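Ready for some practice in reading a protein structure? Keep the picture open beside you and try each exercise before you look at its solution.

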Amino acid sequence: MNRYRLPLMYIARQWRLLSGILLITAVYSAVAALEPWPMKLLIDHGLKGQPLPRQLATALDALSIPRTPLGLISVSGAASLALFAVGGGLSLALMWLWAVAGQRMVFDLSTDLFQRLQRLSFGYHARHPVGDSLCRLSGDTWCVYNLSSRLFSPFEQILMLATVGTVAWRLNPRLAIFALAAAPALAASSVYFGRRLKARAKLGREAHSRLASFVHQCLACIPVVQAFTTEKRNAQQYKQLSADAVELSQRASLVGGLYGIVNGLVSTAGTAAILYAGGQQVIAGKLSVGSLIVFLAYVRKMQYATETLLKTYGSVKPVEASIERVMEVLEIGEHEVCDSRDARPLPPRAAGQGVSIRFEDVTFGYQPGRATLKQITLEAQPGETVALVGPTGAGKSTLVSLIPRFYDVWSGRVCVDGVDVRSLKVASLRAQIAMVLQDPFLFAISVADNIAYGRPHATRAEIIAAAEAANADAFIRQLPEGYDTVLTERGQTLSGGERQRLAMARALLKDAPALLLDEPTSALDTITEASVLEALDRLRMNRTTFIIAHRLSTIRRADRIVVLDEGSILETGSHVELVARSGLYQRLDALQFGDVLRAGVA
Ligand code: ATP
């Protein structure tokens, strides 16, 4: 039952609509119980001339309807029509209420799921492809609606069974018992097939998620796909993945179909038994033909209600698969980056005031047993610029990503202003940090909105000032609609250098006391780099900055340069100090500035 706690919460929020549904369902059951009676009126009284019950005769007299066969046939037709109209109106109202309640439940759940997905750590997103998250968000969230309708169905069926069962019992107790005799067999098949249906449904959802992830991956990397002409191979893989999904769906349909056949067989056997027993009673004159017809209609309703009631178990099982997939995301928390119970906010800094950032004996890795950073101890004073250099894969980006707490350290501490980042509110910590990531992610919104992403209320003048500082103003003004040009997804119509400058403008506008720059100028030409560096120099003043660069020209002016290799700090010092040593930095410097001879000597 615990697994239903969360979806039930979303269902319960719609209690007003659900109460309306319950009320209408009760009226609907009463109308359904009346449905076969016009037929009895027609056969027993209209055609066979049996005397009318006293109340009905009085009612017809009061309405001045003749009690002739033709009059009774007309009444029977009109009553059928009226019952159909009322029943139809009620079922329309039920459909509408279910649609509204269902949509609201799904929207509530998917909003929370989206919120959670956005907050989950990089680690989670590295393990789960985007396509899988999309499937959970757009498909699995329907589990609340499916669950509510399946859980509500028993109420509906119990009401129907109670209403129709009472009338049927009064009509003929022996036949009523016959009608319910099929229930145990239906229950057994429901339990048997229910388990199998759930397992199939889970496999099916996973196969669809794999397919969606593959499609997302191919479409997101379309330039690579076309450059390496992998279209054919991808098409084959798509075929294979969709064949797997189809096969699983087929198997699920087969199990569902078998379930339907077994239930149908049991119900039909029950109806046949009633036909036989009821027919005998009609021949013996103990039951009228009209009553038998009413009874048969009731039997169908009772069997349908019993079957649906028992099917609830089987039909809830496949929904559980989706519930589990949604809960997997919503219930992550303990093991992922999140605010601790006693987390406190990092107080905002006054403009131009930096923060101190300290790594104390930090060890961290992505995979258990494989440390990417080993016992790093490093401090940046407020306003200081620390540059990180080292071979590719040395752990530079990883080190920087620990400051905004994208990951939690294995051991040691990362402190901002002397406070362990794990005891700070994550949002308040990240609010004090501006970043330019290695991959300058841009959104499919206007250029101005992209720059103002971290400060949505910035004025146009502030946006332009940030763009000018990042040397982006000139190219933005050349775009078809300048700052209002809407970019394509990830800004793919811009060059790498243009994207990088927009990302830089975005970071500059955030005006945070800590600045983390991961290869901010890697895609710029030397002249543009020089002017961006100049802007950066202005910006770095009084801000604590970590800057990663392979191009040493970018970091020469840093207060301190830290050389990392294989997750450990090799050397620390200013450019002049490090060049004077015969270490890795000197070799990198020599190679980059073409002093091959000096590198060879070193
Ligand atoms: P570069 O200069 O190429 O950007 P780097 O010094 O910034 O390299 P990192 O990106 O920090 O290096 O990577 C350090 C190591 O961690 C590499 O071996 C990399 O493969 C691994 N790594 C990075 N991100 C992940 C991840 N999300 N999951 C698993 N391993 C990762």
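The exercises below go through a predicted model, one region at a time.

**Exercise 1. Find the order of the strands in the open sheet, and name its edge strands.**

Solution.
- Step 1: Trace the sheet from one side to the other. Its four strands follow the order β2-β1-β4-β5, with antiparallel pairing.
- Step 2: Look for strands that pair on one side only. These edge strands are β2, residues 373-380, and β5, residues 419-420.
- Step 3: Zoom in on one pair. Strand β1, which spans residues 357-364, is joined to β2 by five bridges in the antiparallel sense.
- Step 4: Pick out one position in this pairing. F359 has L378 of β2 opposite it.
- Background: strands in a sheet pair through hydrogen bonds of the backbone, in a parallel or an antiparallel way.

**Exercise 2. Describe the hairpin formed by β9 and β10, then work out what R560 touches.**

Solution.
- Step 1: Locate the two strands. β9 covers residues 560-565, and β10 covers residues 568-573.
- Step 2: Check how they pair. Five bridges link β9 and β10 in the antiparallel sense, and one bridge partner of L564 to look for in β10 is I569.
- Step 3: Inspect the turn. Two residues separate the strands of this hairpin, and E566 in the turn has a positive phi of about 45°.
- Step 4: Turn to R560, which lies in β9. Its C-alpha is 7.6 Å from that of H575, and the two residues are 15 apart in sequence.
- Step 5: List contacts of R560, leaving out residues up to four places away in sequence. Among them are L378, E379 and A380, as well as T572 and G573.
- Step 6: Connect this with Exercise 1. L378 is the residue that stands opposite F359, and R560 touches L378 too.

**Exercise 3. Which residues have the most contacts inside the largest nonpolar core, and which helix gives this core its largest share?**

Solution.
- Step 1: Start with the general idea. Nonpolar side chains tend to be buried together in soluble globular proteins.
- Step 2: Find the residues with the most contacts. In this core of 47 residues they are I451, I476, Y483, L502, I555 and Y585.
- Step 3: Name the helix. Helix α19, residues 496-510, supplies seven residues, the largest share.
- Step 4: Follow L502 outward. Beyond four places in sequence, its contacts include L442, V447, I451, F475 and I476.
- Step 5: Look elsewhere too. Another core, of 35 residues, lies apart from the largest one, and L17, L18, V31 and L117 are among its members.

**Exercise 4. How many residues surround the ligand, and how much of its accessible area does the protein cover?**

Solution.
- Step 1: Count the surroundings. There are 13 residues around the ligand, and the closest are T392, S397, T398, Q438 and H550.
- Step 2: Examine the side chain of T392. One of its N or O atoms is 2.4 Å from an oxygen atom of the ligand.
- Step 3: Compare the kinds of atom involved. For G393, a backbone N or O atom lies 2.9 Å from a ligand oxygen, while K396 places a polar side-chain atom 2.8 Å from a ligand oxygen.
- Step 4: Read off the cover. On its own the ligand has 640 Å² of accessible area, and the protein covers 65% of this.

**Exercise 5. Is N172 buried or exposed, and what does its side chain reach?**

Solution.
- Step 1: Place the residue. N172 sits in the loop between α8 (143-171) and α9 (173-180).
- Step 2: Apply the cut-off. N172 has 7% relative accessibility, so it counts as buried, since buried means under 20%.
- Step 3: Find its polar partners. The N172 side chain reaches the backbone nitrogen of L175 at 3.2 Å and makes a polar contact of 2.6 Å with the side chain of Q281.
- Step 4: Complete the list. Setting aside neighbours within four places in sequence, N172 touches Q281, L287 and F295.

**Exercise 6. Contrast the burial of R405 and D511, two residues that have a positive phi without being glycine.**

Solution.
- Step 1: Recall the general pattern. Most residues other than glycine have a negative phi.
- Step 2: Note the angles. Phi is about 60° at R405 and about 50° at D511.
- Step 3: Find the loops. R405 is between α14 (396-401) and β4 (411-416), whereas D511 is between α19 and β7 (514-518).
- Step 4: Judge burial. R405 is buried, with a relative accessible area of 4%, but D511 is partly exposed at 38% relative accessibility.

Key. Residues are numbered from 1 along each chain as its sequence is written. This is a predicted model: local features need pLDDT of at least 70, side-chain atom pairs count only at pLDDT 80 or more; totals for chains, interfaces and linings use all residues. Side-chain values use heavy atoms; hydrogens and water are left out. Two strands pair if DSSP finds at least two bridges between them. Contact means heavy atoms within 4.5 Å. A nonpolar core is a set of buried Ala, Val, Leu, Ile, Met, Phe, Trp, Tyr and Cys residues joined through side-chain atoms within 4.5 Å. Buried means under 20% relative accessible area, exposed over 50%, partly exposed in between (1.4 Å probe, protein chains only). A residue is near a molecule or strand if one of its heavy atoms lies within 4 Å of it. A polar contact is a pair of N or O atoms within 3.5 Å; within protein, one must be able to donate a hydrogen and the other to accept it, and residues adjacent in sequence count only if both atoms are side-chain atoms. Accessible areas come from the Shrake-Rupley method with a 1.4 Å probe; for residues, only the protein chains shown count as cover.
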